[in-house]
Every structure is written in structure tokens, then in C-alpha cells.
Amino acid sequence: MRTHILTVEDDERIRTAVKLALEAEGWEVAEAAAGSEALERFEQRPADVVLIDIMLPDIDGFEVCREIRKTSDVPIVMVTARDDTHDIVAGLEAGADDYLTKPFAPKELSARIRALLRRTRSVDAGAPHLRFGDLEVVPDEGTVRLAGAEVHLTKTEFRLLVELASNPGRVFSREVLLERVWGYDYFGDGRLVDVHIRRLRTKVEADPANPRHVVTVRGLGYKLQT
Amino acid sequence: MAFRLRHRPLRLRTRVMVSFALGAALLSMVLSVSTYTLARRNFLHQRERDTIQRAYLDAQNVQRQLTTQAANADQLGKALQSVATGSGTYPVIQIPNPAGQLVDQSTNTQFGLDALPARLTASVRDGNPALMRASIDGQTMLVVGLPLPTLRVDGAIGEYYEIVSLQDISQTLNTLANVLVITMVGTTLLGIALGWWVSRGVLRPIGAIGLAAEAIASGRLGTRLEETSDPDLERIVDTFNHMAANLETRIEQDARFTSDVSHELRSPITTLAASMGVLEARRDDIPEGPARAAVDLMSADLQRFQQLVEDLLEISRYDAGAIRLELSEIQITELVRAVLAGQHLDVPVYVDPALENASVRVDKRRLSRVIANLLDNAVKYGDGPTRMEITEVDDHVRIAVEDAGSGVSESDRAVIFDRFSRGSAAGRRSSGSAGVGLGLALVSEHLRLQGGRVWVEDRPDKKPGARFVVELDDAARVARSDEATVP
């Protein structure tokens, strides 16, 4: 089955050009010009990757992202015309896996999508079953349990957790995590890591404000501990 | 338009306080001096009148008791006893005896006839009463001299004097003077206090305006002054608030405009870039010839256009002050090597051994743009970078990019970091090559925001070429003992 991409963008010309560029990559592309239309489309036929423009005529991109996240862990890329921190962080907080600022090169877009698709495939954690105190990770099953109860993570969050779990106690710098989880080179945006770590903590920590498992090592990065 | 303030040697508050103090001091001085003068005159006047009155009575009394025939010291002493009233009054008498000699007597040897001023005695001797203030034995005394015409022998007549001490009056006046001086000092202090209070009242609104202006300058545009009922302040408060509101609107409009322009420009470029991507992917389907050449041209200039728009937007954000730094700790050598790799450049990098694993706290994206722009500049105008250096001078980390071009002339060094300035480099640019002078302007802006700076100098080895040096803020250097443990 061909990879199916849903692109939500109100500007018809951009939408068409992006569709052309993605189809040139061999992907199947569905379009939506507004937030409500995007949610309908997604309900009818879930996509493998969703591109959401923040500025939409009806419901804004953040809301679309949150709505999709309620039912799905599909990789989401937010597209923003403004590269101000507020929009980017708000998009990531809403549940997006990655972001792109306009104007983006089509090569960059397809590289991001490919990286996200790779992420949804299986992950190698080196062990079938990992346990950190009350936190359990089963990479093969793709499940995480906190104190016995299953925790629902998005694919990116899961990937991030498994990456940290692959070498417990070791400090991973943002750059390393960007490269391994997102497929970025050195110049990826460290905020991607920070926001995802924050979201991960709300799910795998009993008290996200005082994390016990996913710990920040100031100035260096993050590590996982029991 | 700027209002130039005249140079003031003193603060406003000090001046107000000094004025009040001087005013109070002057006023109290005038009052004190006139009080003192009036009191002194009244006291002395009263005392003179009393003294004269009593002296006449005493003189009559003495005159009745004495005759020239009985002019000897004992009699005179007895007569004086009868008039010696109260302390501080010293009568002196002199009368001629039948032999024509003058006999004198006084109740106190200290204040005898000899002590009297000659002018006074001369006047009395001529038959005229006289009054005089004189300093006798170091004390101020009032002296009344009366002729005793009935006691006459030949040309000489009897003389009667009363010396009255003014000691009590001068004591009273001293006390008064002390009281007045204390009052004067008190009034002056009160003046200072009043000046302080008044200046506080005047300066408080000014201080409030200053604080509000400061708050607005630091970005809290919603700051307003509190409404006041004082008609004098009302106008300035209204004007200030009006100005602040206008400023806020203007800045918001500017920000919205930048954001709108940004959005408006980015949308078509996104379409163009995506479409160009499709064309590039199908480049081989386009037959060789004018069409393919046109696509290649468009592709190259689209990138250049995109970069220019990005730079313009970035610089307009600086102008609007809407820049927020994203500081993080990074290894400086890693960053430089990553930028070189990203630019596909192979340039030898000399690294100070102490900095091999050193971390700096910077905005990673902006610092990499700085280095990338300098490398880009070296490629475009300096025949490519030849060497890079990472060193440390006085806790400031320095990153240098050297090229082997024709260098930058002294006159261009100051302007090369201005916007759209290419200096004389424009002369040797091959026509049509990409690039406008925003790259170095952005370098300078990026660094200024992070407390760093950039300059251009000759190559230290004296070979032709330029050396661009970036100096980071010394606060950016992160001292860490375990910096080698970064994975």
C-alpha cells in the first residue's frame, strides 16, 4: 500500500504545489483546505503522515492537531509561516512531532516525512524487556507501563523513551537525540527535544514536575534512570 | 527632535532644597537682626531714662546734705551711702572745698573718678549734664554726669556721677541672640525639610514618568501613568499616556506588518519552491536547451531570493526588537566543524588546546548563521576560506575566518558590516554572482544581541587576504570540569 499523506493548507497554490512535490516522491496525497475538513478526511481515512498549516480559516492548526491526537498517534508535522518560538512550541505542545517553517524546500519536506515514516517502523532497543523501577518498556510490543498500567505514547515519544532506555544512565545530548530520533543533523532545533521530553514526563512520571526517570542533566542533556 | 538639556551642576532636588534653605535662612536672619536691634534699643532707652531720672533725684539728695565747707571724704562717703541704691549702681561725687581743692569720693574704688571718660567729665565741669556709654574695666557701663551748681568755690562746681552697669542688659541680649540664632538654624533646617517635601511632591510624578518610560523602553508597552486629579499634573499624565498608547499602537502595527509581510512573502515562495522542486526532479525530462537553462537559472535565483527574504525578515525582527535568544550550551569546536561540514568546506581549523572540549552558552542557530555567513563571505569575496581559528583571549572565545582574497581596505572595514554594503568588493565581484550585503550585517546584529562583536583585520602572517574575527561575550564561556564527558 502506498504511503498516504494528508496535507492541510488553506492556500490553494501552496497546497497544489506541495501535492505535486509529494506525488513526485511517489506518495499518495489527500488535501484539506480547512480544519474541519481535515478532521473529516482523517476520520474517513487515517493518513500515515499529516501536514498541518497553523493558520486555517476555521479551527486553527493547533486545535486540529489536538483533535487528531485524541484518537491517533500518527506523525504530525506543523507548518508555520512565522518562525517565532511561540508558534513552534505551541505546535509541539499540541502534539506535533516536528515542524517546518515556510518557505521550505520540497527536499526538506520529503526528508522530514521519510524520517517520520522510518520512526514508525520497529525500534531496536537491544533488549526485549526493560524495567526502570515502576516504569516498564517493551520495545517489541511497543508498549510502556507505569506501575502496571499501560501508558499511551505517540510514536515519537516512544522512540525517544526507547532511545534513552537503550543506554540507561548515559547522558544523551540534544544533538544526539535529534539525530537518532528525528534524523536531524547538528542544526536541528533543541526545542523539539525539550518539548517532547516535557510531554513524555507527563505520561511516564508520577510527578512530572519532579521527574524520577527522565532526568535533565543541566547543560548536557537528558538521561533515563530507575 | 530632541530637547537638549542645559548642563546642570546640581540635581533638581538639591536645587529645590538649597533654595528653600537659603530663603528660610535669609528670612529668619532679617527677622532675627531686626528683633535684636529693636530689643537692644528699647532696653537701652529704658535704662537710660530710668538712670537719668534717678541720677537727678540722687544728685538733689546729695546736694541737700552737703556744703562746700564740709567737703571731706567722710562726709562725701556718708552722703553717698544714702544714695547708693541697689547693686550695679556706683555713685561718684566730687566737690570743691573752701581751700579750692577738689575732694572726691566713690562707693567703689574700681569705678572711681579716674575711670570716667574725660569727655564726660569735661562736659559736666562746664555745667552741662551728660550721658555716655563707656567701657570701664572691661564692662559696658552707662555713665550719667550732673553738675552740682550750688556747691561752688570760685570757678569749680560740684560734680555728681552715677555709673550704672549694663551687664544685665547685655546678658539678656546675649540670651536673646542665642535664642535667635537657634531659631534661625531651626528655620533653615525646616526650610530644607520643606524643600525636600516639596521637591518630593514635584519629583514623584517625574519619577513615576521616568519609571513608566523605562518600562515602555524595556518592552512593557502597556504601561500607563495613574490618572490624577491635580490639574497641573493632569496635562502631562494625559500627554504621556496618549504618547504611550500611540507608541504601543505603532509598534503593534509594525509587528503585525512584519508578520503579515512575512506571511505574504513566504506563501508564494513556498509555492515557487515546491513547484521548482517538481521541475528539478523532472529536470532530465526537459530537453537540453533554453527551457532547461531557464529552469536552472530560476532554481538558483529562487534560492537566492529565498535567502534574501529570510535575511530581510530576520533583520526587520531585530529592528522591531522582537528577537528572543534561544541559549543553550554547546561545544564550540563541534559547532564550527558542523558548520564547515554543512557548507561542504574543508578548511583547516586551529583550535587552542584548552578549548578542545570547551562549552559556550550561545544561541546555536544564530552563531552557526554567523559562522556560515562569514564562510560564505570568504567564498564569495575572498577566493574561499583558507584557515579557521578558535582561540581564547581574556575569557573571550574568538573564532576567526581567514581567506586569501585581496583583503578589506582600511576605509571599508568600518562600513563592511552595514546593510547592503559591499565596499569596494563590489568592484571585483563577477557580475551576476549571488549575494547581497545583508550577510555581514546579520553577523553583526546576531553577535550584538549575544554580547559579542565582529571585526575584520589583516592576516597575521601578512599574506594578502582578510581575517574576520568573531568575539563572544565572556559570559558565554561555560567553565566546566566535566565537559569532556559530553557524549
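How do the residues of the lining of the second largest cavity divide into nonpolar, polar and charged? This tour of a predicted model answers that question at its third stop.

**First stop: the two chains together**

Display chain A and chain B in separate colours. In this view, 32 residues of chain A are in contact with 35 residues of chain B. The area buried between chain A and chain B is about 2,700 Å², and carbon and sulfur atoms give 60% of that area. Next, select A:Pro103, A:Tyr186 and A:Phe187. These residues supply 24% of the area that chain A buries against chain B, more than any other three residues.

**Second stop: the largest cavity**

A search of the whole structure finds 3 cavities of 30 Å³ or more. The largest cavity has a volume of about 60 Å³. To locate it, select A:Thr7, A:Val8, A:Glu9, A:Ile14, A:Val18, A:Leu51, A:Asp53, A:Val79 and A:Phe104, which line this cavity. In a cartoon view of chain A, turn to strand E1 (4-8), helix H1 (12-24) and strand E3 (49-53), each of which supplies at least two residues of the lining. By class, the lining of the largest cavity has 6 nonpolar, 1 polar and 2 charged residues.

**Third stop: the second largest cavity**

Keep A:Asp53 and A:Val79 selected; these residues appear in the lining of the largest cavity and also in that of the second largest. Add A:Ile54, A:Met55, A:Thr80, A:Ala81, A:Arg82, A:Asp87 and A:Lys102, together with B:His263 from chain B, to complete the lining of the second largest cavity. The volume of this cavity is about 50 Å³. Its lining residues divide into 4 nonpolar, 2 polar and 4 charged, which answers the opening question.

**Fourth stop: a helix pair in chain A**

Select helix H4 (residues 85-93) and helix H8 (residues 190-204) of chain A. Their axes come within 9 Å and cross at roughly 40 degrees, and the crossing is right-handed. From H4(A), show the side chains of A:Thr85, A:Ile88, A:Val89, A:Leu92 and A:Glu93; from H8(A), show A:Arg191, A:Leu192, A:Val195, A:His196, A:Arg198 and A:Arg199, since the contact is made by these residues. The contact of H4(A) with H8(A) comprises 5 nonpolar, 2 polar and 4 charged residues.

**Last stop: B:Arg47**

Move to chain B and centre on B:Arg47, in helix H1 (residues 12-65) of that chain. B:Arg47 and B:Val164 are 117 residues apart in sequence and 9.0 Å apart in space, C-alpha to C-alpha. Leaving aside residues up to four places away in sequence, B:Arg47 touches B:Leu142, B:Val164, B:Ser165, B:Leu166, B:Asp168 and B:Ile169.

Note on methods:
Residues numbered from 1 in each chain as written. Chains lettered and ligands numbered in written order. Predicted model: local features only at pLDDT ≥ 70, side-chain atom pairs only at ≥ 80, totals over all residues. Heavy atoms only, no water. Axes fitted to C-alpha atoms, helices over the stretch in contact; angles between N-to-C directions. Helix = DSSP H or I, 4+ residues; strand = E, 2+ residues; numbered from the N terminus. Left-handed = near helix turned anticlockwise from the far one by under 90°. Contact = heavy atoms within 4.5 Å. Nonpolar A, V, L, I, M, F, W, Y, C, P; charged D, E, K, R; others polar. 1 Å grid on protein atoms, 1.4 Å probe; cavity = no way out; pocket = protein on both sides within 12 Å on 5 of 7 lines; lining within 4 Å. Points joined across faces, edges and corners; volume = space filled by probe spheres on them. Buried area = accessible area lost by both parts, 1.4 Å probe.
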